[in-house]
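Colleague: I am new to this structure, and before I rely on any description of it I should like to hear the reasoning behind the words. Could you take me through it step by step?

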Amino acid sequence: MIKQITGLLCLTASIAFAQTPPKPYGALPALRQIAWHETEVYGIMHFTPTTFENKEWGYGDADPKTFNPSDFNADQIVQAAKAGGLRGIVLVAKHHDGFCLWPTKTTDYNITKSPFREGKGDLVREVADAARKHGLKFGVYCSPWDRNNAKYGTPEYIKIYREQLRELYTNYGDLFMSWHDGANGGDGYYGGAREKRSIDNTTYYQWDSTWTNYTRKLQPNANIFSDIGWDVRWAGNEDGSVNPTSWATLTPKPSEGQNVAVPGQANATENPGGTRGGKFWIPAECDVPLRKGWFYHANEKPKTPEKLFDLYLKSVGRGAALDLGLAPDTRGQLHNDDVVALKTFGDHVKNTFATNLLGRATSKAVNVRGYNSIYSAKNLLDGKPDTYWATDDDFKTPEVVIELTQPIVFDVISLQEYIKLGQRIEEFAVDAWIGNEWKEIHKGTSVGAKRLAKLDVPITSNKVRLRITKSPVSIAISEFGVYKDTE
């Protein structure tokens with residue numbers, strides 16, 4: 001009887017272990033961040049009186065009547081973005097010039113004083129409605145610096161700014177992002193004063209209080225973007241890329257000589273690579289204008305589709321997201337050059353990643369967690385983000401062989417971790433069976449939400465091997481695939 005009981009207890013323990021997923025490792029993403037990762041590519045749209053002044057930054061003194069698009073068409077802009085593969089739009093509802101694109105009650109410097117829709121327009125509403133109509137997410141950016149407002153630099157302005165955020169948070173539906181930058185004062189109109197105003201940005205905006213009491217309470221699903229997060233960090237540049245090794249975790253550090261990290265006062269040298277083992281899950285956004293500038297200028301051209309695809313690999317393909325600056329012209333539409341560039345880029349991404357060439361292959365892993373099919377290596381090939389291959393706790397550097405009945409030709413490798421359990425892998429390698437032997441074709445470091453690698457030359461093989469060569473804990477990988485670039 002004792003032996004039977006002991007055997008039953010061992011069997012029960014074995015079954016329990018087999019059903020137990022790996023323990024989470026490090027900082028973990030919130031559900032809103034998971035949704036942000038899935039968005040991958042979105043746009044940020046700049047369209048204010050500055051467009052009509054042919055400037056990059058408005059001074060704050062433009063007559064509201066300057067804002068007079070001849071044929072504004074939110075559907076045209078959103079449809080062009082969607083054709084480009086963008087899954088969201090962040091609208092610059094107020095830039096540094098202080099002009100509000102919605103009928104705010106906080107200032108007369110707003111769209112109702114312009115000829116747009118005979119003073120009855122709400123451009124924020126039109127873009128939000130168009131985005132949702134065509135299946136895109138919607139977010140807003142409201143600049144904290146206001147070069148028009150006479151009260152900027154005083155405590156009264158913070159109340160105004162927070163009320164502007166409250167209006168945007170409560171009147172335009174669920175937002176996927178609340179976007180903030182580090183513009184912190186300088187020369188401006190300031191109600192006619194025409195002077196330079198400086199503020200202490202470590203204390204003036206009271207970001208902790210603003211984000212806690214306004215953003216989190218009114219838009220709990222909105223990801224807060226800034227130099228330091230809270231949810232998404234700036235990549236540290238406006239080039240559209242992060243470092244080849246880029247961690248989704250970050251411990252924000254203040255600029256030299258400061259005692260607190262805030263937007264505009266953060267150690268940006270840390271941002272392109274993140275912090276391995278960082279305190280918070282704060283992945284990077286790679287913002288870059290589609291053209292040279294953020295606002296439309298007739299003498300500029302959009303980036304080529306080939307350049308955009310390269311940026312996709314260096315942003316989304318490194319666990320970050322790509323945020324493309326969209327600049328409507330004075331009609332209030334995207335120029336046809338931009339439309340064509342977006343469509344060609346979108347088709348390139350869609351066609352390249354349409355089919356995982358390993359999708360019908362068989363897999364053989366050296367270890368599967370608890371010998372349980374729930375964690376089988378087959379999960380790598382099923383195209384389902386919520387299934388994953390996991391190993392026992394003491395298998396930190398496993399490998400899996402994927403074999404096909406016929407050779408395939410590929411030049412892009414894709415790898416995704418199951419990030420709900422954290423970013424675990426530190427180094428990996430991929431081999432192909434060539435000439436009756438394994439040959440290493442790629443090795444990399446960080447993986448996270450997605451790692452894409454474009455090979456220098458296409459590979460022809462019927463067997464591919466993935467090796468995890470460094471990890472502090474057991475692995476949890478949701479997808480492994482190879483693709484052929486359709487350029």
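Modeller: What follows is a set of questions and answers about this structure, which is a predicted model.

Colleague: Which residues does UniProt list for the domain "Glycoside hydrolase family 29 N-terminal", and what is the make-up of that span?

Modeller: The unreviewed UniProt entry lists residues 43-350 under that name. In the model this span is 26% helix and 16% strand, and its end C-alpha atoms lie 17 Å apart.

Colleague: Where does UniProt place "F5/8 type C", and how much helix and strand does the chain have there?

Modeller: The unreviewed entry places that domain at residues 371-470. Over residues 371-470 the chain is 0% helix and 57% strand, with 22 Å between the end C-alpha atoms.

Colleague: What makes helix 4 roughly parallel to helix 9?

Modeller: The axes of helix 4 (residues 74-83) and helix 9 (residues 336-352) cross at roughly 30° and come within 7 Å. Angles under 35 degrees count as roughly parallel, and therefore helix 4 is called roughly parallel to helix 9. On the side of helix 4 the contact is made by Gln 76, Ala 80, Ala 81 and Ala 83, while helix 9 contributes Val 339, Leu 342, Lys 343, Gly 346 and Asp 347. Sorted by class, this contact has 5 nonpolar, 2 polar and 2 charged residues.

Colleague: How do you know that Cys 142 and Cys 100 are too far apart for a bond?

Modeller: A disulfide needs two cysteine sulfur atoms within 2.5 Å, whereas the sulfur of Cys 142 is 6.1 Å from the closest cysteine sulfur, which is in Cys 100, so the distance is too far for a bond. The structure as a whole holds 0 disulfides.

Colleague: Why do Cys 142 and Cys 286 count as buried?

Modeller: Buried means under 20% relative accessible area. Cys 142 has 1% and therefore counts as buried, and Cys 286, with 0%, is buried by that reasoning too.

Colleague: Why is Glu 118 called exposed, and what is notable about its phi?

Modeller: The word exposed is used over 50%, and Glu 118 has a relative accessible area of 74%, so it is called exposed. Glu 118 sits in the loop between strand 2 (88-94) and helix 5 (123-133). Its phi is positive, about 55°, although Glu 118 is not a glycine. Most residues other than glycine have a negative phi.

Colleague: What makes Gln 206 partly exposed?

Modeller: Partly exposed covers the values between the buried and exposed limits of 20% and 50%, and Gln 206, at 40% relative accessibility, therefore counts as partly exposed. Gln 206 belongs to the loop between strand 6 (195-198) and helix 7 (207-218), and its phi is positive at about 50° although it is not a glycine.

Colleague: Which residues of helix 2 are buried, and what phi does Glu 40 take just after that helix?

Modeller: Gln 33, Ile 34, Trp 36, His 37 and Thr 39 are buried in helix 2 (residues 31-39). Just after helix 2, Glu 40 takes a positive phi of about 65°.

Colleague: What kind of peptide bond joins Gly 229 and Trp 230?

Modeller: A cis peptide bond joins Gly 229 and Trp 230, with an omega of about 20°. Most peptide bonds are trans. Trp 230 is placed in the loop between strand 7 (223-226) and strand 8 (232-234).

Colleague: Why is Gln 423 called buried, and what is it in contact with?

Modeller: Gln 423 has a relative accessible area of 4%, and since the limit for buried is under 20%, Gln 423 is called buried. Gln 423 lies in the loop between strand 15 (399-417) and strand 16 (427-434). Leaving aside neighbours within four places in sequence, the contacts of Gln 423 include Tyr 25, Trp 247, Arg 276, Trp 281 and Val 447. The C-alpha atoms of Gln 423 and Leu 28 are separated by 8.1 Å, although these residues are 395 residues apart along the chain.

Colleague: Is Glu 300 buried or exposed?

Modeller: Glu 300 has a relative accessible area of 12%, and so is buried. Its place is the loop between strand 11 (284-289) and helix 8 (305-315).

Definitions and conventions: Residues numbered from 1 in each chain as written. Predicted model: local features only at pLDDT ≥ 70, side-chain atom pairs only at ≥ 80, totals over all residues. Heavy atoms only, no water. UniProt positions renumbered as here; feature names shortened; annotations may be inferred. Helix = DSSP H or I, 4+ residues; strand = E, 2+ residues; numbered from the N terminus. Axes fitted to C-alpha atoms, helices over the stretch in contact; angles between N-to-C directions. Parallel < 35°, antiparallel > 145°, perpendicular 65-115°, else oblique. Contact = heavy atoms within 4.5 Å. Nonpolar A, V, L, I, M, F, W, Y, C, P; charged D, E, K, R; others polar. Buried < 20%, exposed > 50% of the residue type's maximum accessible area, 1.4 Å probe, protein only.
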